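Visitor: Please take a close look at one part of this structure for me. I would like to see how the pieces meet one another.

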Protein chains: 2
Amino acid sequence: MTLEDQELKKAGLKVTLPRVKILQILENCSDRHMTAEDIYQALRDSDGDVGIATVYRVLTQFEAAGLVERHNFDNGPAIYEIDRGEHHDHMVCTETGKVIEFHDAEIENLQERIAAEKGYQLVGHSLVLYVKPKSS
Amino acid sequence: MTLEDQELKKAGLKVTLPRVKILQILENCSDRHMTAEDIYQALRDSDGDVGIATVYRVLTQFEAAGLVERHNFDNGPAIYEIDRGEHHDHMVCTETGKVIEFHDAEIENLQERIAAEKGYQLVGHSLVLYVKPKSS
DNA sequence: AAGCAAATCAGAACTATTCGCATTTGTGGG
DNA sequence: CCCACAAATGCGAATAGTTCTGATTTGCTT
């Protein structure tokens, strides 16, 4: 029983081949941020016959189970990353496409305060900074 | 020559019926935030025969001309609003769908600083707070 | 090892948006 | 004021991303 198997069990999900493989791909990918299509290609390149529909279905379940997070940058496809329990926001380089994670406690606090000022309770947020290399 | 006509001329766009009507709809809509489909329906209800493709085309041109702003909330359709030149971010009520605008100079500054710290220059950002009524 | 619910596959369907092309519509020049 | 011509439009088809459907397979329970 591998580590991935245990994670799936813990999440109350049956341990199937597609699920294990997708979890491994997400854990081993270099920059931690992949689209469903990226994962589908990675599966295809390695061996198996996993349909794109399964990739989406599994990712949605993983999200519901708290194993991965889904983000929507601008208008492209959604990107997925392993949820390590450390909340962070993203910065995307408009020239290289590079994704950088960051966390700022002050911004988080201000968000709470702004919601409260308008009579609401914050339940979530999405913050993406679009940036370019300093000198260009 | 109406006000809308002048705005279009100033933006270097030919004054056509679809463009004038779409601009009016956006200016008169109650909460200032509409999807392309909303606008298409509003046109349909009033009278004319404007295709959905034209609605999208015109909105894209308006955006390029700085007349409207497009925003992508989560994974639904894009929403459009008249650009009054006052930058603001959005808060969306997860229960009522209500959209509330806000602006916070401090958050804006922090964003600049964070980008700079990582060696980048901020070129844009997207911040959406998902909220619910305080007592529920 | 058998049974059964859960998961998967392939392909169709769906939503949001854009494209191609034949037709129509504004606009500047005469 | 009218004409010509580029620009804009309408419609339907195309695309991208994602979800659904229904028949088949797979993994957990005993």
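What follows is a walk through the contacts, beginning with the one the visitor asks about.

Visitor: Take the contact between chain B and chain A. How many residues does each chain bring to it, which elements of chain B supply the side that touches chain A, and what lies around it?

Guide: A caution to begin with: this is a predicted model.

Start with the numbers for the chain contact. Chain B brings 37 residues and chain A brings 38. Together the two chains bury about 3200 Å². Carbon and sulfur atoms make up 64% of that area. On the chain B side, look for Tyr120(B), Gln121(B) and Lys134(B). These three supply 19% of the area that chain B buries against chain A, more than any other three residues.

Now the polar side of the contact. Chain B and chain A share 2 salt bridges. One of the salt bridges pairs Asp104(A) with Arg113(B). Their closest N and O atoms are 3.8 Å apart. The count of residue pairs in polar contact between the chains, both at pLDDT 80 or more, is 12.

Next, the elements. On the side of chain B that touches chain A, β4 (89-93), β5 (99-102), α5 (105-117) and β6 (120-133) of chain B each supply at least two residues. The largest share comes from β6(B), with 14 residues. By class, this side of chain B divides into 18 nonpolar, 10 polar and 9 charged residues.

Turn to the inside of chain A. Chain A is divided into domain 1 (3-82) and domain 2 (89-131). The C-alpha centres of these two domains of chain A lie 24 Å apart. Each domain gives 6 residues to the contact between them. The area buried between domain 1 and domain 2 of chain A is about 540 Å². Carbon and sulfur atoms give 58% of it. His33(A), Phe73(A) and Asp74(A) supply 69% of what domain 1 of chain A buries against domain 2, more than any other three residues.

The domain contact in chain A holds 1 salt bridge. Glu101(A) forms a salt bridge with Arg32(A), with the closest N and O atoms 2.8 Å apart. Between the two domains of chain A there are 5 residue pairs in polar contact, both at pLDDT 80 or more. The side of domain 1 of chain A that touches domain 2 has 1 nonpolar, 2 polar and 3 charged residues.

Last, DNA strand D. It is surrounded by 19 residues. The closest are Tyr56(A), Thr16(B), Arg19(B), Asp49(B) and Thr54(B). Of the atoms of DNA strand D that come within 4 Å of the protein, sugar and phosphate account for 72%.

Three contacts from chain B are worth finding on screen. A polar backbone atom of Asp49(B) is 2.3 Å from a phosphate oxygen of DNA strand D. A backbone N or O atom of Gly51(B) lies 3.2 Å from a phosphate oxygen of the strand. In Lys14(B), an N or O atom of the side chain is 3.4 Å from a sugar or linking oxygen of DNA strand D.

Both chains supply helices here. α4 (52-64) of chain A, along with α2 (17-28) and α4 (52-64) of chain B, each give at least two residues to the surface near DNA strand D. The largest share, 4 residues, comes from α4(B). By class, the surface near DNA strand D has 10 nonpolar, 4 polar and 5 charged residues.

Note on methods
Residues are numbered from 1 along each chain as its sequence is written. Chains are lettered from A and ligands numbered from 1 in the order in which they are written. This is a predicted model: local features need pLDDT of at least 70, side-chain atom pairs count only at pLDDT 80 or more; totals for chains, interfaces and linings use all residues. Side-chain values use heavy atoms; hydrogens and water are left out. Domain bounds come from an automatic or database domain assignment. Contact means heavy atoms within 4.5 Å. Buried area is the accessible area (1.4 Å probe) that two parts lose on being put together, summed over both. A salt bridge is a side-chain nitrogen of Lys or Arg within 4 Å of a carboxyl oxygen of Asp or Glu. A polar contact is a pair of N or O atoms within 3.5 Å; within protein, one must be able to donate a hydrogen and the other to accept it, and residues adjacent in sequence count only if both atoms are side-chain atoms. Ala, Val, Leu, Ile, Met, Phe, Trp, Tyr, Cys and Pro count as nonpolar, Asp, Glu, Lys and Arg as charged, and the others, Gly among them, as polar. A residue is near a molecule or strand if one of its heavy atoms lies within 4 Å of it.
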